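Trainee: I have a model to look at and would like the terms explained as we go.

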Amino acid sequence: MAGYILKRLLSAIPVLLGISVIVFLIMAMIPGDPATAILGSYATPENVEKLNRDLGLDQGLVPRYFIWLGNMLQGDFGRSFALNRPVIDEVLDRFGATLILAGTAFLLCSILGIAAGVVSAARQYGFADKAITFVVLLGISIPSFFLGMMMILIFAVKLRWFPVSGMWPIYGDRNFLVLLDHLAMPAFALAVVATGVIARLARSAMLEVLRQDFIRTARAKGVHERRVIWRHALRAAMVSIIPILGIQAGFVLSGAVYIEMVFQWPGVGRMLVDAILKRDILLVQGGVVFIAACYVMFNIMVDVAQALLDPRIKT
């Protein structure tokens with residue numbers, strides 16, 4: 001297992017390098033002078049020249065990339081000119097909020113999606129299967145940002161059950177229950193589409209397992225049907241479900257960007273949008289690479305979990 005983990009870690013290096021190249025080139029191809037956009041009304045020729053020198057924009061594209069990459073490898077992601085603080089400090093401060101939102105949404109979609117898929121497969125062509133299929137297709141068809149706006153209109157504005165936006169109230173206590181109150185709508189809106197995808201694919205995986213000989217053998221021995229479904233069949237199906245969870249984790253993490261904007265959640269996604277609008281190049285590049293690294297590491301954890309369930313994968 002140690003060798004397998006090492007091999008997966010080494011395979012992540014070219015992926016992260018490729019991401020860094022793509023992000024750097026995209027930011028470099030944005031039209032206009034970044035220094036002029038950053039300085040705004042203070043964009044005198046002297047200030048523009050000084051900022052270009054500080055950002056390294058007075059050098060060629062290739063040297064700039066390797067200087068930036070070399071600094072990142074040493075833990076220096078640069079300094080945000082819009083916020084006047086180190087990029088890594090700002091990203092880490094915002095990442096906690098994103099982790100709470102994306103982690104809660106991922107937990108919701110994993111539990112609800114797997115449970116719905118198992119029940120749907122166990123009651124194939126029955127009322128439960130048809131009802132779950134209808135709800136799942138409806139959930140997949142509704143964009144998360146639109147669902148989020150409708151939830152704000154209905155549950156926050158009309159019914160006043162939940163706060164409209166933000167992670168904490170401006171005034172008052174900041175405890176776990178208050179956090180849950182603010183988290184309920186954005187987490188649910190973010191989890192809906194991923195829940196539908198997981199439920200559909202979990203149903204397919206369960207149906208395939210339920211046709212296997214060892215399931216027939218367990219039933220022939222008189223094992224209770226609930227035990228057959230939730231212990232034997234689900235455990236075998238998890239080998240196929242776990243990679244789906246890894247893919248949906250990336251979807252949830254990326255979807256947090258527009259959900260954070262809709263609900264004004266103070267996470268990395270909202271930070272990146274603000275940084276793009278302000279042309280804060282180093283903050284955008286550092287934030288994207290950091291999120292990409294987190295996603296790659298999560299996928300490695302998913303692969304390791306899958307290998308633990310099915311040792312044949314390591315070969």
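The talk below sets values against definitions.

Mentor: This is a predicted model, where local features need pLDDT of at least 70 and side-chain atom pairs count only at pLDDT 80 or more, while totals for chains, interfaces and linings use all residues. Residues are numbered from 1 along each chain as its sequence is written, and side-chain values use heavy atoms, with hydrogens and water left out.

Trainee: What makes a space in this structure a cavity?

Mentor: On a 1 Å grid over the protein atoms alone, a cavity is a set of points where a 1.4 Å probe fits but cannot get out. The structure holds one such space of 30 Å³ or more. Its volume, the space filled by probe spheres set on the points (joined across faces, edges and corners), is about 30 Å³.

Trainee: Why are Phe 162 and Asp 181 called lining residues of the largest cavity?

Mentor: A lining residue has an atom within 4 Å of a point. Phe 162 and Asp 181 are among the residues that line the largest cavity, so they meet that condition.

Trainee: Which helix gives the most to this lining?

Mentor: Helix H8, residues 176–210, with four residues. A helix here is a DSSP run of H or I with at least four residues, and helices are numbered from the N terminus.

Trainee: How much of the protein chain is buried?

Mentor: Buried means under 20% relative accessible area, with a 1.4 Å probe and protein chains only. Of the 315 residues in the protein chain, 42% are buried.

Conventions: 1 Å grid on protein atoms, 1.4 Å probe; cavity = no way out; pocket = protein on both sides within 12 Å on 5 of 7 lines; lining within 4 Å. Helix = DSSP H or I, 4+ residues; strand = E, 2+ residues; numbered from the N terminus. Buried < 20%, exposed > 50% of the residue type's maximum accessible area, 1.4 Å probe, protein only.
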